[in-house]
Amino acid sequence: RDPGVADTSIVPRDVNRVAVFGSGLMGAGIATSHARVGIRSLMLDVDDDRIADGMKRARKVVEGRIKIGRATYDDLANMLSCLDTSTDKSHVDDCDVVVEAITEREEVKTALYKELAGLMRDDAILASNTSTISITRMGKSAPHPERFVGMHFFFPVDRMQLVEVIRGDDTSDETIATIVALSKRIKKTPIVVGDCPGFLVNRVLLPYMNEALQLLLEGASMDAIDKAALRFGMPMGPIALQDVVGLDTSYYAGMTMVNAYSDRAILTPLLKDLVEAGRMGKKSGSGFRKYT
Ligand code: NAD
């Protein structure tokens, strides 16, 4: 069977309520995408401060669209009426799909999955927004490996159409069909891909991003690198892109690639040094560049 093909004869399951773990760059965008089309969404994080930051991000998505005339204040009110928040994991008990969008570290993610075993409904689907980590391997820690799948969004979630739906070895056809249908319902374009470190997009993107950092080490300026990529046709330069996706996420994702493809993948020491100095990118006020 080709892992990159969805079986269109399978009827997807109904999805009425979704939970999203993580209210960071991705989690807030993912929860908002569901709430905007009227799907009841619950956004969870570890404390109230992070939830408050996540709510600011969620509002900003629709407020940005209001500014350019693509949404109204009614849309904002409707989105907010479908979006709940909590720091209490037990509130996922009535959700059909739980999307995990927390830190890109396997041990942190699998610790959460083990906790969710007693809390999620027995027939619910657990989907990870991981950038690089094996769905098959993490599925072994999930309550039901056949109902574990990758649902990989891209930043900024409200503007990026693509969702990679990643099939692990144990993922059932019904799980794939349900996540494909859900992605379409929130107006995204799903592609079903097989499981390998970096999946499809990051297997291509991360070596490109890393090469830009190598150029920096060889003496090129940040502006020269970013401008060259823009001239080439990229929507954003690779240094600017690293700062918006978060250097911690880039570093952890890069480590997964280096461990998986040790014969060819490298990771510049720059990312680790900046992360250790607390410079996580735009979200922390500084990364490669400074943000006020
Ligand atoms: P982020 O640092 O902005 O947010 C992560 C959030 O998860 C934080 O608010 C943190 O408090 C929360 N968290 C950590 N452990 C938790 C737990 N046990 N329960 C609840 N919340 C918890 O990170 P992000 O950029 O949103 O990335 C999240 C995931 O999405 C990662 O797996 C990342 O690889 C993936 N991803 C990121 C991007 C990107 O461009 N940043 C793109 C695609 C996928």
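Let's start with the ligand and the two domains. This is a predicted model. Domain 1 covers 17–194, and domain 2 covers 201–284. Both give residues to the shell around the ligand, so the ligand's shell lies between them.

Who lines that shell? There are 28 residues around the ligand. The closest are Gly22, Gly24, Met26, Phe155 and Val245. By class, 14 are nonpolar, 10 are polar and 4 are charged.

Now the helices. Three of them supply at least two shell residues each: H1 (25–36), H4 (106–116) and H10 (247–260). Which gives the most? That is H1, with 3 residues.

Keep Phe155 in mind, since that residue is among the closest to the ligand. The peptide bond from Phe155 to Pro156 is cis. Its omega is near -5 degrees. Pro156 sits in the loop between strand S6 (148–152) and strand S7 (162–167).

Next, the core. In soluble globular proteins, nonpolar side chains tend to be buried together. Here the largest nonpolar core has 56 residues. Five have the most contacts inside it: Val20, Val97, Val98, Leu126 and Val149. H1 appears again, with the largest share of this core, 6 residues. There is also a second, separate core of 9 residues. Tyr251, Met257, Leu271 and Val275 are among its members.

Take a look at Val20. What does Val20 touch, leaving out residues up to four places away in sequence? The list is Gly27, Ile30, Ala31, Ser41, Met43, Leu44, Val99 and Ala101.

Last topic: backbone angles. Two residues have a positive phi without being glycine. One is Lys187, with phi near 70 degrees. Lys187 is in the loop between helix H6 (173–185) and strand S8 (189–194). The other is Phe199, with phi of about 55 degrees. Phe199 is in the loop between S8 and helix H7 (201–217).

Are these two buried or exposed? Start with Lys187. It has 11 C-beta neighbours inside 10 Å. The cut-off for exposed is 12 or fewer, so Lys187 counts as exposed. Phe199 has 23 such neighbours. Buried needs 20 or more, so Phe199 counts as buried.

To recap: the ligand shell lies between domain 1 and domain 2. H1 gives the most to that shell, and H1 also holds the largest share of the 56-residue core. When you open the model, go to the cis bond from Phe155 to Pro156, then to Lys187 and Phe199.

Key. Residues numbered from 1 in each chain as written. Predicted model: local features only at pLDDT ≥ 70, side-chain atom pairs only at ≥ 80, totals over all residues. Helix = DSSP H or I, 4+ residues; strand = E, 2+ residues; numbered from the N terminus. Near = placed C-beta within 6 Å. Nonpolar A, V, L, I, M, F, W, Y, C, P; charged D, E, K, R; others polar. Domains from an automatic or database assignment. Core = buried A, V, L, I, M, F, W, Y, C linked by C-beta atoms within 7 Å. Contact = placed C-beta atoms within 7 Å.
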